[in-house]
Amino acid sequence: MGQTVVRRDVYGPGRVWSEHALRVVADTSEALMAACSPGAETRWSALYLRARA
């Protein structure tokens, strides 16, 4: 608990599409629960950002 983990969305053959820093709230044998802290860093693909613009 309390550690930072990174959620990565992967596109195609292992290419990272986005990354999001999350804080572990609980880690059990059944589930990993994580929360997004206010101001947490997120990294998006430049292609995605251009498509949204």
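Okay, so let's start with a hairpin: strands S1 and S2 are joined as one, with three residues between them. One of the residues in that turn is Gly12, and its phi is positive, about 60 degrees. Keep in mind that what we're looking at is a predicted model.

So how do those two strands run? S1 covers residues 4-11, S2 covers residues 15-27, and they pair antiparallel, with eight bridges between them. You can pick out single partners if you click along. Asp9 has Ser18 in S2 as its bridge partner. Val6, meanwhile, sits opposite Ala21 in S2.

Now let me zoom in on one residue, Arg8, which belongs to strand S1. Is Arg8 buried or exposed? Well, it's partly exposed, because its relative accessibility is 47%, and that class runs between the 20% cut-off for buried and the 50% cut-off for exposed.

Which residues does Arg8 touch, if we skip anything up to four places away in sequence? The answer is Val16, Ser18 and Glu19. Let's stay with Glu19 for a second. Arg8 and Glu19 are eleven residues apart along the chain, yet their C-alpha atoms are separated by 4.5 Å. Their side chains meet too: there's a polar contact between the side chain of Arg8 and that of Glu19, at 2.7 Å.

Glu19 also takes us on to another strand. Its bridge partner in S4 is Arg43. S4 is made of residues 42-44, and it runs antiparallel to S2, with three bridges joining the two.

And what about S3? That's residues 32-35, and it pairs with S2 as well, antiparallel again, over four bridges. If you want a spot to look at, find Ala26, which stands opposite Met33 in S3. The link from S2 to S3 is a hairpin, and four residues make the connection.

So here's the picture to take away. S2 pairs with S1 over eight bridges, with S3 over four, and is joined to S4 by three. And on S1, Arg8 reaches Glu19 through that side-chain polar contact.

Definitions and conventions. Residues numbered from 1 in each chain as written. Predicted model: local features only at pLDDT ≥ 70, side-chain atom pairs only at ≥ 80, totals over all residues. Heavy atoms only, no water. Pairing = 2+ DSSP bridges. Buried < 20%, exposed > 50% of the residue type's maximum accessible area, 1.4 Å probe, protein only. Contact = heavy atoms within 4.5 Å. Polar contact = N/O pair within 3.5 Å; in protein donor to acceptor, adjacent residues only side chain to side chain.
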